[in-house]
Amino acid sequence: MKTRWYKDSFFYQIYPRSFCDSNGDGIGDIRGIISKLDYLKELGITAVWLSPCYKSPNDDNGYDISDYRDIMDEFGTMADFDELIAGLHERGIKLIMDLVVNHTSDEHDWFKESRKSKDNPYRDYYYWKKGRGKDGKRPPNNWMSNFLGPAWKYEKETDEWYMHLFSYKQPDLNWNNPRVRQEVADICNFWFEKGVDGFRCDVITYISKKEGLPDGKIKLPLIGFEQYCLTDNWHKFIKELADRSWNRYDTTMVGEAMGITSANAKEYIDESVGELDCVFSFEHTNADRYMQILPHGMNVRKLKKIFARWQALPKTCAPTLFMENHDQPRCMPRFVSYKCKGHFDEAAKMLAVALYMQRGVPFVYQGQEIGMTNLPVKEAGYLKECDDRENTAMRSIEVYKDVLSVNVYKALKKFPFLIPVASKVLAKVARDHARTPMQWSAEANAGFCAAGVTPWMTVNPNFVYKNADLQKRDPSSIWNFYRRLIKYRLGNEYIIEGEFNEFYKNSGKLYVYERRVGDKALAVICNFTGKPVRFTLPDEWKGKSAHAELCNYDEVLPLGNRTLRPFEASVYLI
Ligand code: ISL
Ligand code: CA
């Protein structure tokens, strides 16, 4: 049944709340997406990953679902959704949705029942436990929520605590209950029957918890991680779900997979396993974090090492290729680490070449294709780094809306002296940065919503010169480069199947590799610095005729020993 269509596709992630507002309430919606289908077609992508659009009270922007078979009021109706999927399919674009089944919303009917009494038939859909200490006033174990604070909330009605690995409005489902597992299979099948082509599975590695829910190691920023990530019955649960649902359709199943790394990936994503097709692993997006918390500049050597480890996996394991999503800060200029003043566009294009000429399943996040940046906030002195031009600085504490950012500030109320530090960190890593409205044009509200409407989230002021409209008309824009690159990549046997060989592995400035098929290869050369860098041909490439395929400068220079221009990226067929 599975054609494994993900092997030759290009995904585009849509975060619906921030994509396009069609009805003037300042919130992106499905009809807004429908109005941009031709835009997606023009860009050339072949699949969309749509972040949650189900019924939700929006404590975590739709990652807290109160009805898995209905559409969020703000986003429209099921009829709109049906039109969306038809419109995508008409254009040859597949659709994968977001499957959020580690937890539900506390406003889901199951949880409303569950919390009523200990003998309610839904009690066992969730984790309920007595507290510790003689009066039961301490949480059942020491696990910490991924959104700060304890992973348990006390309910006096039944004198027990329920588990929530995220916000207290996102109670964890108990997968040990066979009824829960059948519900999940039924939900997947409901959407597959509607024509959905797959799912991105939210925090899927957390669904199985260690028997007895024992205390976890204190390994900041999390406590308990090893007790709920990929433990006990994980494979059993996923295998069962794949049999009952995923593998019965021609799907692509992408796992969001904290805990899966290049070292253990084979056990989870090899085709022979028949569970997930590929995963988002966060090794490379952590290459700029010190102890997983404090960001510093991207470590290019470390980044290359992580890329290379994924590339070295057997052909039956597909890596994903991404730099951004709705939880990550913008990749520009984060991933280049060198100052890119004066060369912003070249750097953005170079990153695209470095990433997407590799083997794997490519994803681009809305706005990445025009080089959208983090919000310019005062705290980090980040202003100048953010972009080429001056922006109006804003105070982050006033613009952050994300439950995680808000929790950080709440938690620090008692320690006000830490707020400036937290602000600096958030200025670089807050999830809010990826959630500012898509910049469509230089019109009011960046064309995201009508003039006079207040968008739900602050628009990045750089929209006046950084927007899709302008870039589509400029042949040398980032947008037009992405479009060319996507077209070049699709169907390209070197990129899809070629062997990956890297050169100058220890260079902290250059990323150089080839994608070989027999005696021909694509040669990929990327300068990660804003300065000219001397390049010497690797022996393997000497004396070969070379045809220039892709370059981020208008003036294409031949392959040879020469000086690379700042952030130059050149691809040759040799
Ligand atoms: O984004 C994070 C920190 O920067 C992560 O800890 C994030 O919470 C984690 O990757 C899980 O993310 C997914 O599940 C969350 C949801 O808030 C995220 O948006 C989603 O991508 C809970 O459903
Ligand atoms: Ca709207």
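## A walk through the predicted model

Let us start on the surface, where I218, L220, Y290, M291, I293 and L294 form a nonpolar patch with about 670 Å² of accessible area together. Patches here are made of residues with over 30% relative accessible area and no salt bridge, with like charges joined within 9 Å and nonpolar side chains (Val, Leu, Ile, Met, Phe, Trp, Tyr) within 5 Å. The accessible areas come from the Shrake-Rupley method with a 1.4 Å probe, and for residues only the protein chains shown count as cover.

Before going further, please note that this is a predicted model, in which local features need pLDDT of at least 70 and side-chain atom pairs count only at pLDDT 80 or more, while totals for chains, interfaces and linings use all residues. Residues are numbered from 1 along each chain as its sequence is written, chains are lettered from A and ligands numbered from 1 in the order in which they are written, and side-chain values use heavy atoms, with hydrogens and water left out.

Back at the patch, Y290 sits in strand β14, residues 289-290. Helices (H or I, at least four residues) and strands (E, at least two) are DSSP runs, numbered from the N terminus. Y290 counts as exposed because its relative accessibility is 52%; the scale calls a residue buried under 20% relative accessible area, exposed over 50% and partly exposed in between (1.4 Å probe, protein chains only). Another patch member, L220, is joined to P221 by a cis peptide bond with omega of about 10 degrees. P221 belongs to the loop between β10 and β11 (222-223).

A second cis peptide bond runs from M332 to P333, with omega near 0 degrees, and P333 is part of helix α10. Backbone angles give us two further places to look. Most residues other than glycine have a negative phi, and most peptide bonds are trans. R4, although not a glycine, has a positive phi of about 55 degrees, and it is found in the segment before β1 (11-14). F567 is not a glycine either, yet its phi is positive at about 55 degrees. You will find F567 in the loop between β23 (562-564) and β24 (569-573), and it counts as buried because its relative accessibility is 0%.

Now to the calcium ion (ligand 2). Its protein donors are D21 (OD), N23 (OD1), D25 (OD), I27 (O) and D29 (OD), at 2.2 to 2.3 Å from the ion. Donors are N, O and S atoms within 2.8 Å of the metal (3.2 Å for Na, K and Ca), and water is not among the atoms, so sites may look incomplete. Along the chain, the donors follow the spacing D-x1-N-x1-D-x1-I-x1-D. Of these donors, I27 and D29 are both buried.

D80 is a stop in helix α3, residues 78-90. At 11% relative accessibility, D80 counts as buried. Leaving aside residues up to four places away in sequence, D80 touches I30, R31 and I34, where contact means heavy atoms within 4.5 Å. The C-alpha atoms of D80 and E275 are 31 Å apart, with their positions 195 residues apart along the chain.

What about charged pairs? The whole structure holds 40 salt bridges, each defined as a side-chain nitrogen of Lys or Arg within 4 Å of a carboxyl oxygen of Asp or Glu. One of them joins D172 and K209, whose closest N and O atoms are 2.8 Å apart. D172 lies in the loop between β8 (160-163) and α5 and K209 in the loop between β9 (198-201) and β10 (218-219), so this pair ties together parts that are 37 residues apart in sequence. D172 and K209 are buried. Another salt bridge, between D202 and R200, has an N to O distance of 2.8 Å, and D202 and R200 are buried too.

D288 and R334 meet in a salt bridge at 2.7 Å, N to O. This pair links distant parts of the chain, with D288 in the loop between β13 (278-280) and β14 and R334 in helix α10 (residues 331-334), 46 residues apart. D288 and R334 are buried as well. Salt bridges that share partners also join K2, R4, K7, E271 and D277 into one network.

Finally, the chain is divided into domain 1 (105-172), domain 2 (177-281) and domain 3 (498-573), with bounds from an automatic or database domain assignment. The C-alpha centres of domain 2 and domain 3 are 38 Å apart. Helix α7 (residues 234-244) has W234, F237, I238, E240, L241 and A242 as its buried residues, and these pack against α5 (178-193) and α8 (265-269).
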